[in-house]
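Biologist: Could you take me closely through one part of this model, the surroundings of the ligand and the backbone that follows, and then set beside it whatever else in the chain bears on the same backbone feature?

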Amino acid sequence: MSLIKFENVVKKFNGVAVLDGLSFDVEKGEVLALVGPSGTGKSVTLKHLVRLLTPTSGKITVDGIDVSSCSSKELTHIRSRIGYLFQGGALLAWMSVAENVALPLRECTNLKDSEIDEKVAAALASVELSAAAEKLPSEISGGMQKRAGLARAIVRESDIVLYDEPTSGLDPVTSVTINRLIKKLNKELGITSIVVTHDLQGALNIADRILLIKEGKAIECSKPEEFVNSQNPAVKEFLAAMKGEIV
Ligand SMILES: Nc1ncnc2c1ncn2[C@@H]1O[C@H](COP(=O)(O)OP(=O)(O)O)[C@@H](O)[C@H]1O
Ligand SMILES: [Mg+2]
């Protein structure tokens with residue numbers, strides 16, 4: 001059974017279908033890169049997994065549980081399993097890195113301070129940010145801010161992490177670091193990952209499979225080497241557009 005499954009999901013806003021019969025699945029332990037033109041429904045797709053949005057029709061399951069119709073208790077459990085690195089990152093400016101990372105534990109658990117400190121330290125170590133624990137977000141670089149967001153996304157020991165454009169706005173060297181960390185968290189902690197990205201090279205490097213979404217539908221979902229050699233006209237068009245951007 002796939003860990004995550006979208007079955008024929010339609011999502012309409014004001015009568016307009018943004019997701020238009022989207023189907024795909026993600027296996028446990030897999031890194032799936034989600035690519036496609038802007039405005040094609042990638043962020044909307046991620047939001048459905050934690051019921052920030054509900055589908056107009058179709059079904060989304062996490063570990064066999066229907067996310068849009070499950071009880072609030074089941075939803076709380078699903079949300080606790082899913083770390084979410086939102087587009088933009090969003091750290092609170094007046095709190096230290098460590099305090100930002102501790103937030104999900106303070107809000108959603110009854111752990112003692114000493115236990116929280118331990119988990120925060122472990123999460124910061126995983127993203128190689130221990131030295132910046134006491135700094136304010138404004139005192140660290142953009143790449144470090146992303147890593148702090150990453151630590152916050154995994155601090156509840158989530159086994160699924162959703163990354164929405166984790167490398168956008170970063171320089172190429174920092175992007176490589178973030179991609180390496182995503183892969184490391186996947187390998188070392190077994191974190192199943194969906195990575196929405198415009199960074200095709202990064203996707204090719206870290207993903208087990210690449211899913212191209214266009215006009216709310218899954219166009220192709222294949223291994224990196226198959227994806228770059230695909231004869232599907234929509235994939236070829238997408239790859240040509242990406243190369244145009246890189247050159
Ligand atoms: N809450 C919302 N209400 C109305 N329209 C929305 C909402 N969220 C997203 N959309 C629209 O859905 C489309 C896809 O958005 P999004 O998933 O953010 O695209 P992207 O693939 O760039 O992440 C866009 O046209 C956006 O304006
Ligand atoms: Mg988006």
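Modeller: Directly after helix 1, R51 adopts a positive phi of about 55°; this is a predicted model, and the angle is to be read as such. Most residues other than glycine have a negative phi, and that is the background against which the angle deserves a look.

The helix that precedes R51 runs over residues 42-49, and it is mostly covered, with 6 of its 8 residues buried. Those buried residues are K42, V44, T45, L46, H48 and L49. Helix 1 also gives the most to the shell around ligand 1, contributing 3 residues. The shell as a whole is made up of F13, V18, S38, G39, T40, G41, K42, S43 and V44, and by character it divides into 3 nonpolar, 5 polar and 1 charged. K42 and V44 thus appear in the list of residues around the ligand and also among the buried residues of the helix.

The positive phi recurs elsewhere in the chain. E128, which is not a glycine, has a phi near 60°, and it sits in the loop that joins helix 4 (113-126) to helix 5 (142-154). With 15 other C-beta atoms within 10 Å, E128 counts as partly exposed, because a residue needs 20 or more such atoms to be called buried and 12 or fewer to be called exposed. E165 likewise has a positive phi, of about 50°, although it is not a glycine, and its place is in the loop between strand 7 (160-164) and helix 6 (172-189). Around E165 there are 19 other C-beta atoms within 10 Å, so this residue too is classed as partly exposed, the threshold for burial being 20.

The helix that follows the loop of E165 offers a residue on the other side of that threshold. N186 is found in helix 6, and it is buried because 20 other C-beta atoms lie within 10 Å of its own, which meets the cut-off of 20 or more. Once its neighbours within four places in sequence are left aside, N186 is in contact with V31, I191 and S193. As for its position relative to E134, the two residues are 52 residues apart in sequence, and their C-alpha atoms are 26 Å apart in space.

Note on methods. Residues are numbered from 1 along each chain as its sequence is written. Chains are lettered from A and ligands numbered from 1 in the order in which they are written. This is a predicted model: local features need pLDDT of at least 70, side-chain atom pairs count only at pLDDT 80 or more; totals for chains, interfaces and linings use all residues. A residue is near a molecule or strand if its C-beta atom, placed from the backbone, lies within 6 Å of it. Helices (H or I, at least four residues) and strands (E, at least two) are DSSP runs, numbered from the N terminus. Ala, Val, Leu, Ile, Met, Phe, Trp, Tyr, Cys and Pro count as nonpolar, Asp, Glu, Lys and Arg as charged, and the others, Gly among them, as polar. Two residues are in contact if their C-beta atoms, placed from the backbone, lie within 7 Å.
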